[in-house]
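Trainee: I would like a close look at one part of this model, followed by an account of what lies around it in the rest of the chain. Please give the cut-offs along the way, since I want to know what each term rests on.

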Amino acid sequence: TDAEVPIILERASKLLCKDQAAKPDCEPQPKSAIPMLSRIRDYDKATAITLELLGAAYMQVQEYQKAAESYDEALDKLPTGTGEAEKVTLLIKAAEALYKAQNFASAAERYEKAIETSVKGKLPVTDKLYLQKARSYRFAGNPVLVLESALQGLRADPPNPDKLDDE
């Protein structure tokens, strides 16, 4: 029922040690949390937060493709007016999961979308995003897009010659 959802969510969050600052000795129990969170999703009661937790649980048990699917679902469930930073976070989590699942072309697409969303929202784009996008294209077997990604990163954040002399 609707009344059970917050209770289940709180229990699953504790099983995943999301309040670890309060309990530093917490041992994550993702195998116990996954069925709880899946049940909420299956009854179409899941919010973006629920699906992000499900993605985190799948990452902990190394079910990376399912984690990416959960992060993508969370992205779709974000409320209207959600900030670009939250979208970028979910895109990066999905990209990382897809990379670990060795679904490199899809990972590169999510990294690209994270970069575009960051630029659109006037958020800083880290070198790591460009690097991970280039790596993903490399493992996907697309050398042209590797080079393009690397150049895109250099154009966005050109090297500082003064900094290079210090190294």
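Mentor: Let us begin with the disulfide of Cys 17 and Cys 26, which is left-handed because the torsion about its S-S bond is about -80°. This is a predicted model, in which local features need pLDDT of at least 70 and side-chain atom pairs count only at pLDDT 80 or more, whereas totals for chains, interfaces and linings use all residues. Residues are numbered from 1 along each chain as its sequence is written, and side-chain values use heavy atoms, with hydrogens and water left out.

The sulfur atoms of Cys 17 and Cys 26 are 2.0 Å apart, which satisfies the rule for a disulfide (a pair of cysteine sulfur atoms within 2.5 Å), and by that rule the count comes to 1. As chemistry, such a link is a covalent bond between the sulfur atoms of two cysteines. Both partners are buried (under 20% relative accessible area, with exposed meaning over 50% and partly exposed in between, for a 1.4 Å probe and protein chains only): Cys 17 has a relative accessible area of 4%, while Cys 26 has 17%.

To place this link within the fold, it helps to have the outline of the chain, which holds 9 helices and 0 strands (DSSP runs numbered from the N terminus, with H or I over at least four residues for a helix and E over at least two for a strand). Of its 167 residues, 39% count as buried, and its C-alpha atoms fill a box of roughly 60 × 30 × 30 Å along the principal axes. As for contacts (heavy atoms within 4.5 Å), residues 24 or more positions apart account for 47% of those with a separation of 6 or more.

The interior can be described through the largest nonpolar core (a set of buried Ala, Val, Leu, Ile, Met, Phe, Trp, Tyr and Cys residues joined through side-chain atoms within 4.5 Å), which has 42 residues, with Leu 37 and Tyr 71 touching the most other members. Helices α1 (4-15), α2 (30-42), α3, α4 (64-77), α5, α6 (104-120) and α7 each supply at least two residues of this core. In soluble globular proteins, nonpolar side chains tend to be buried together. Leaving aside residues up to four places away in sequence, Leu 37 touches Ala 12, Leu 16, Thr 50, Leu 53 and Leu 54. Thr 50, one of these partners, lies in helix α3, residues 48-60, and counts as buried because its relative accessibility is 1%. Beyond its neighbours within four places in sequence, Thr 50 is in contact with Leu 9 and Ile 40 as well as with Leu 37.

Turning to charged pairs, the chain has 9 salt bridges (a side-chain nitrogen of Lys or Arg within 4 Å of a carboxyl oxygen of Asp or Glu). In one of them, Lys 66 pairs with Glu 63, the closest N and O atoms being 3.2 Å apart; Lys 66 is partly exposed at 41% relative accessible area, as is Glu 63 at 33%. Another joins Lys 87 to Glu 84 at 3.6 Å between the closest N and O atoms, and these two residues both lie in helix α5 (residues 84-100), 3 residues apart, about one turn of the helix. A further salt bridge links Glu 96 with Lys 128, whose closest N and O atoms are 3.8 Å apart. Because Glu 96 lies in helix α5 and Lys 128 in helix α7 (residues 127-139), this pair ties together parts that are 32 residues apart in sequence. Glu 96 is partly exposed, with a relative accessible area of 28%, whereas Lys 128 is exposed at 52%.

Helix α7 also contains Phe 139, which counts as partly exposed at 41% relative accessibility. Setting aside residues up to four places away in sequence, Phe 139 touches Tyr 99 and Phe 104. Phe 139 and Gln 102 are 37 residues apart in sequence, yet their C-alpha atoms are 8.3 Å apart in space.
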